[in-house]
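Pull up the model and keep the sequence within reach. We'll take a walk through it, one stop at a time.

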Amino acid sequence: MGTFKRNLLSAVFVGVLIQPAFAQEAAESQDPAARTLDTVVVTATKREENLQDVPIAITALTSESLDERGITNLAEAAFLIPNLKLNHGRDSAGQATIHIRGVGQSDEHGDPGVGIYVDGVFLARSYGALFDLYDLERVEVLRGPQGTLFGRNTIGGAISLVTKKPGNDEEFSAEVGYESFDGIMLKGSAQVPLVQDVLSARISMAARGSDGYTFNALNNEALNNSGMIGGRAALRFTPTPNLIIDASVEKVVDEANAPASFVSSIRPGPGLNFVQSFIGPISDYVVGGPAGVSLSGRPRTALLDASNDSRLDIWGANVTGEYAWDNITFKSITGFRETENTIRSDLDGSPLVILDQRSEDFTQNQFSQEFQLIGDTDSGKVNWLLGAYYFSEEQSLPIVVSLLTGLGGDRDFERTVNQEAVSTALFGSLTYALNDRLNVTVGGRYTDEEKKFNALRRTIRLGVVTFNEPGITDNFNDFAPRITIDYDVSDETMAYVTASKGFKSGGFNTRAASSGQTQFFKPEEVINYETGLKTRFGGGIGQLNVSAFYMDYTDIQQQAFFVNNRGDLVSSVTNAAEATVKGIEGELLLAATSNLELSASIGYTDAQFDKFEDVRAGDLSNLSFQDTPEFTGNIGASYMIDLANDWSLNLVGDYSYRSETFFDRSNAPEIAEDGFGLTNISATLSTPKKNFDLIVYAHNLFDEEYRVSGVNLLNDFGYGLNYYGEPRVIGGKIRFKY
């Protein structure tokens, strides 16, 4: 990391530490009309609480804070959150690869390590998890294992999306925008009370499309485009004051390209010779191939033989019922989701058929049912929660891979994987107030999972079945406890310590190339020790939250890809690693004046393997985790200018930084990201009644070129691949509210 950037992050961190004293002095000089920070209510503990009263490292982003920054999807929002890395997957633009504090998921076909929830419903697959954020109330990001209350595969953390619910007032909003690369965006929502105070409805939609910011010189097509349309219809039924029933259905169709891959490094040696022995020399494409474009040139022009087509169809339905009597509330959350995905992607970054794949009919459906019983005593000294959870899933993943087809096509093979999973759990939590300031919380969850797996692999043109695994079944179970002690140092300051366990289920190797590779792998486990401080100061003008953590991480699931001597692409998943992960986080909000709000956040994660025996590369101990920058940081400001006749202009700017990030288990420097910073700005002109806004914005203002992912093919194919983030995007939109 460069000296300037290190000093910048150090300055941010020092500012976080000294800001309370400065803010107190500022508060004393402010007039009584000075603005204070809003209270944010979250449901991180399954009950509504003030964010500052929750003894969990959590960031909450409201719809207002997202709108004023022009943030429209989950990947953009991730830059505001410390120790979070989120980007698109390699197979589909709607696919999310997420890591929190170094813990997550790098294989798109595996179980997630960070759970995503929509209105309390867990999403089991990364396909379709990279959301467009429309008609949301807030986004909550919980860092660290959340196995006690959130449950399945939240070993790294949880991201909870809470949608806006129908209300008793008529509302209407519409938004239309245009941005770089012929991008068009539409959003709208309407809310109507059907029976006053009893039944109301809300309908929302969003659509966007763009030509893409990458040009494929081989076929004159645009890549990295966008094309999505989605809608949600919701009803709220309150037949009595004690009973609330929310029901919603949602449909999304996303036809964005699979992300474009680029050859970013070439390593002469056995790997390159191996490829050339099958397909002939590739030197013509290294320096100046078709259209004079270099494979290792600037990543805005690609040379791909595949079209990178992708189509994602998702529909889901949620029903949540809540009944309250006396000091007890019963809650039921029912969810169903069905996903269909079609992809064709060039995984070798070249105009040659070295490694391409397509899937015509990937399907996944899931059903979940959760019951919660929430209560407290009349004295308020005890509050508790009991719950039961059921989840079932079926998925079918047929993939055709073209591998080194210079042999005449007999390396084209088809792999069809079918999986089923059933997970059940019982969980509970109890908080006891030892006195007016000191609370102790204990909780735990017992999870039992059964997984079934079968797979077929055959070479297409020769019709030879390489292996046929008719079925494997295995069970995984775990008990994840949690204990937390929190103490109110003052009316505005709370300190806490916590110890918790996280669990990620075991499974089977979905990319197996032979029956010997289908063996199951064990669950991952992490023990997290954490302490934190949450405080408001200056009479409510400032808010500072800090946390420090230490994690003991065992049986880490690691996947290896390589090509054997016969030219077969081999995949292996093993519990190959152990690690200790430690770090800190800090978040600051400050209403410096009645018109100026400042924010800063910083995250530090030290994530290196204590022990790692890789099946391909050997001893990788002491290397860094992939997809885990050591430093993350963000500084921002929002300034409201009062204009004539009660018009207003809100100026927003922020700078986000991510330090060096490795994209593979062996930390290959050729495909790593050295570190980058992004600057975003926006300006919103509003009418006196705040019902009409004109917004202009620029994302990645200085057109930073940065890598978000990579694939190490250096040893087997002689080169490495990278995927890149968006260039500068300038746009404007008009928003109307009624």
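What follows goes from two single residues to strand pairing, then to cores and cavities.

One thing to keep in mind as you look around: this is a predicted model.

Let's begin at Thr484, which sits in strand S26, a run covering residues 465-488. Is this threonine buried or exposed? Its relative accessibility is 3%, and because buried means under 20%, Thr484 counts as buried. Leaving aside residues up to four places away in sequence, Thr484 touches Pro55, Asn439, Val440, Thr441, Val497 and Thr498. The last residue on that list deserves a second look: the side chains of Thr484 and Thr498 make a polar contact of 2.8 Å.

Staying with S26, follow the strand to its end and you'll meet its partner. S26 and S27 form a hairpin, with four residues between the two strands. Strand S27 covers residues 493-504, and it runs antiparallel to S26, joined to it by seven bridges. If you want one pair to click on, try Asp488, which stands opposite Met494 in S27.

Next, jump along the chain to Ser648, found in strand S36 (residues 648-661). Ser648 also has a relative accessibility of 3%, so this serine counts as buried. Which residue does its side chain reach for a polar contact? That would be Lys690, with the two side chains joined at 2.6 Å. Lys690 is also among the residues that Ser648 touches, not counting those up to four places away in sequence; the others are Met640, Ile641, Leu643, Thr684, Leu685 and Ser686. Ser686 is 38 residues from Ser648 along the chain, yet their C-alpha atoms are separated by 5.3 Å.

For a smaller piece of pairing, look at the open sheet of three strands in the order S15-S14-S19, where the pairing is mixed. Its edge strands are S15 (221-223) and S19 (301-302), each pairing on one side only. Strand S14, residues 214-216, pairs with S19 in the parallel sense over two bridges. One spot to check is Phe215, whose bridge partner in S19 is Thr301.

Now for the greasy parts. In soluble globular proteins, nonpolar side chains tend to be buried together. The largest nonpolar core here holds 29 residues, and the members touching the most other members are Ile354, Val401, Leu403, Phe717 and Tyr719. Strands S20 (310-325), S22 (355-376), S23 (382-403), S37 (673-686), S39 (707-713) and S40 (719-724) each give two or more residues to this core. S23 provides the largest share, four residues. A second, separate core has 26 residues, including Leu61, Ile71, Ile116 and Phe131.

Finally, the empty spaces. How many cavities of 30 Å³ or more does the model have? The count comes to 15. The second largest has a volume of about 380 Å³. Its lining is made up of 30 residues, with Val118, Phe131, Glu250, Val252 and Arg337 lying nearest the centre. The elements giving two or more residues to that lining are S8 (121-123), S10 (157-163), S16 (226-240), S17 (243-254), S20 and S21 (328-346). S20 gives the largest share of the lining, six residues. You've met two of these names already: Phe131 belongs to the second core, and S20 gives residues to the largest one.

Definitions and conventions:
Residues are numbered from 1 along each chain as its sequence is written. This is a predicted model: local features need pLDDT of at least 70, side-chain atom pairs count only at pLDDT 80 or more; totals for chains, interfaces and linings use all residues. Side-chain values use heavy atoms; hydrogens and water are left out. Buried means under 20% relative accessible area, exposed over 50%, partly exposed in between (1.4 Å probe, protein chains only). A polar contact is a pair of N or O atoms within 3.5 Å; within protein, one must be able to donate a hydrogen and the other to accept it, and residues adjacent in sequence count only if both atoms are side-chain atoms. Contact means heavy atoms within 4.5 Å. A nonpolar core is a set of buried Ala, Val, Leu, Ile, Met, Phe, Trp, Tyr and Cys residues joined through side-chain atoms within 4.5 Å. Two strands pair if DSSP finds at least two bridges between them. On a 1 Å grid over the protein atoms alone, a cavity is a set of points where a 1.4 Å probe fits but cannot get out, and a pocket is an open set with protein on both sides within 12 Å along at least five of seven lines; lining residues have an atom within 4 Å of a point. Grid points are joined across faces, edges and corners, and a volume is the space filled by probe spheres set on the points.
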